[in-house]
Amino acid sequence: MKKNNQESINYVLNQASENEVKFIRLWFTDLFGNIKGFGITDFEFEKVLNEGISFDGSSIFGAERSSETELIAFPDPTTFQILPWRPDAPAVAKINCDVLDNLLKANCSSFLVNVRCLDSPLVSPGSSVAF
């Protein structure tokens, strides 16, 4: 299972606290590069940074409907940013996430660069899609 560096987690949590961030948008992309995401509160943030958070895989456009499965959004602390249109308290931030298959623990998140996750139900076997 993927794990974040504790130093990075502490830095992000400190930045969120100093800037009075109350809501965090977890962003990821679908197979066509469209930004998808959902929000969490500051109370959930530390646990999500350490463990990730599950969501319904059918929300990713381009996923096979028969593979509507639970996926995990796993935040990348290096992408944490206060949203410029909500900088004042209660502030809102965003963080980009890797998408992990909950059953296979396969990382299927490099959709913007190159999709090649052959052991995932999100991509047909043998397919490769570059963006």
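This is a short walk through one helix, a pocket beside it and a group of aromatic rings. Please keep in mind that the model is predicted.

Let's start with helix H2, which spans residues 42-51. Which of its residues are buried? They are Phe-45, Val-48 and Leu-49. If you look down the axis of H2, these buried residues fall within an arc of 100°, so they line one face of the helix. Turned away from that buried side is a face that carries the exposed residues Phe-43 and Lys-47.

What does the buried side of H2 pack against? Its buried residues pack against helix H1 and against strands S1, S2, S3, S4 and S6. In residue numbers, S2 covers 35-41, S3 covers 53-56, S4 covers 70-75 and S6 covers 91-101. Just after H2 comes Gly-52, with a positive phi of about 80°.

Helix H1 is a good next stop, and Ser-8 is found there. Ser-8 has 24% relative accessibility; because buried means under 20% and exposed means over 50%, Ser-8 counts as partly exposed. Ser-8 and Leu-49 are 41 residues apart in sequence, and their C-alpha atoms are 9.6 Å apart in space.

Now turn to the second largest pocket, which holds about 150 Å³ of space. The elements that give two or more residues to its lining are helix H1 (6-18), strand S1 (21-29) and helix H2. H2 gives the most, with four residues. The lining includes Leu-13, Ala-16 and Ser-17, along with Val-21, Lys-22 and Ile-24. Asp-42, Phe-43, Phe-45 and Glu-46 also line this pocket. Phe-43 and Phe-45 are already familiar: Phe-43 is one of the exposed residues of H2, while Phe-45 is one of the buried ones. By character, the lining residues divide into six nonpolar, one polar and four charged.

Finally, the aromatic rings. The structure holds four aromatic pairs. A pair of aromatic rings is described by the distance of the centres and the angle of the planes. For Phe-38 and Phe-55, the ring centres are 5.6 Å apart and the planes stand at 45°, so this pair is tilted. Phe-38 lies in strand S2 and Phe-55 in strand S3, so the pair ties together parts that are 17 residues apart in sequence. Phe-55 has 10% relative accessibility and therefore counts as buried. Ring pairs also bring in Phe-28, linking Phe-28, Phe-38 and Phe-55 into a cluster.

Technical notes:
Residues numbered from 1 in each chain as written. Predicted model: local features only at pLDDT ≥ 70, side-chain atom pairs only at ≥ 80, totals over all residues. Heavy atoms only, no water. 1 Å grid on protein atoms, 1.4 Å probe; cavity = no way out; pocket = protein on both sides within 12 Å on 5 of 7 lines; lining within 4 Å. Points joined across faces, edges and corners; volume = space filled by probe spheres on them. Nonpolar A, V, L, I, M, F, W, Y, C, P; charged D, E, K, R; others polar. Buried < 20%, exposed > 50% of the residue type's maximum accessible area, 1.4 Å probe, protein only. Arc of directions from axis to C-beta. Contact = heavy atoms within 4.5 Å. Phe/Tyr/Trp six-rings, centres within 6.5 Å; stacked < 30°, edge-to-face > 60°.
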